[in-house]
Amino acid sequence: MGAITTNPGYNKKLLNIKEICTYLGIGQTKARELVRGHNGFGIQIGNRWYADKFKLDKWLDRESR
């Protein structure tokens, strides 16, 4: 499971649920659980959830150690 670098959409600051699924290779249910959890990278705007990509990458680095 490598990081996707060829798609310019992944240079965005915020990723929506579908983009998180593609980026991490997980399903929508797990993506929503991660974003709504207290991991520090979930952002709610209205009733929609997004992940701060920079914080998500830092969280992944911490969790993978």
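Start by selecting Glu-33: this residue is partly exposed, with a relative accessible area of 45%. On that scale, buried means under 20% relative accessible area, exposed means over 50%, and partly exposed is what falls in between (1.4 Å probe, protein chains only). Now add Lys-30 to the selection, which is partly exposed too, at 42%. Glu-33 and Lys-30 form a salt bridge, with their closest N and O atoms 3.0 Å apart. A salt bridge here is a side-chain nitrogen of Lys or Arg within 4 Å of a carboxyl oxygen of Asp or Glu. Both residues sit in helix H2, three residues apart, so about one helical turn separates them.

A word on what you have open: the model is predicted, local features need pLDDT of at least 70, side-chain atom pairs count only at pLDDT 80 or more, and totals for chains, interfaces and linings use all residues. Residues are numbered from 1 along each chain as its sequence is written, and side-chain values use heavy atoms, with hydrogens and water left out.

**Zoom out to the whole chain**

Switch to a cartoon view. You should find three helices and three strands, running β-α-α-β-β-α from the N terminus on. Helices (H or I, at least four residues) and strands (E, at least two) are DSSP runs, numbered from the N terminus. Of the 65 residues in the protein chain, 26% count as buried. Contacts are worth a look as well, a contact being heavy atoms within 4.5 Å. Among those between residues at least 6 apart in sequence, 35% join residues at least 24 apart.

**More salt bridges**

How many salt bridges does a search of the whole structure find? The search finds four. Side chains of opposite charge can pair when their charged atoms come close.

Select Asp-52 and Lys-13 next. Their closest N and O atoms are 3.3 Å apart, which makes a salt bridge. Asp-52 lies in strand S3 and Lys-13 in the segment before S1, so this pair ties together parts that are 39 residues apart in sequence. Is each partner buried or exposed? Asp-52 is buried, with a relative accessible area of 7%, whereas Lys-13 is exposed, at 54%.

Then go to Lys-53, in helix H3. Its side chain meets that of Asp-57 in a salt bridge (2.8 Å, N to O). The two are four residues apart in H3, so they are separated by about one helical turn. Lys-53 is buried, with a relative accessible area of 14%, while Asp-57 counts as partly exposed at 22%.

**Along helix H1**

Now select residues 17–24, which make up helix H1. This helix is mostly covered, with six of its eight residues buried. Which residues are buried in H1? They are Ile-17, Glu-19, Ile-20, Cys-21, Tyr-23 and Leu-24. Show the surroundings, and you will see that their cover includes strand S1 (14–15), H2, S3 and helix H3 (53–63).

Look at both ends of H1. Asn-16 caps the N-terminal end, with a side-chain oxygen 3.1 Å from the backbone nitrogen of Lys-18. After the helix comes Gly-25, whose phi is positive, near 70°.

Stay in H1 and pick Cys-21. At 11% relative accessibility, Cys-21 counts as buried. Leaving aside residues up to four places away in sequence, Cys-21 touches Ile-26, Gly-27, Gln-28 and Ala-31. For a distance to try in the viewer, take the C-alpha atoms of Cys-21 and Arg-32: they are separated by 9.4 Å, and the residues are eleven apart along the chain.

**Last stop: the largest pocket**

Rolling a probe the size of a water molecule over the atoms shows where empty space is left. On a 1 Å grid over the protein atoms alone, a pocket is an open set of points where a 1.4 Å probe fits, with protein on both sides within 12 Å along at least five of seven lines; lining residues have an atom within 4 Å of a point.

Select Asn-16, Ile-17, Lys-18, Gln-28, Arg-32, Arg-36, Asn-47, Arg-48, Trp-49 and Tyr-50, which line the largest pocket. Helix H1, helix H2 (28–36) and strand S3 (48–52) are the elements that give two or more residues to this lining. About 190 Å³ of space lies inside, a volume being the space filled by probe spheres set on the grid points, which are joined across faces, edges and corners.

Note on methods
Polar contact = N/O pair within 3.5 Å; in protein donor to acceptor, adjacent residues only side chain to side chain.
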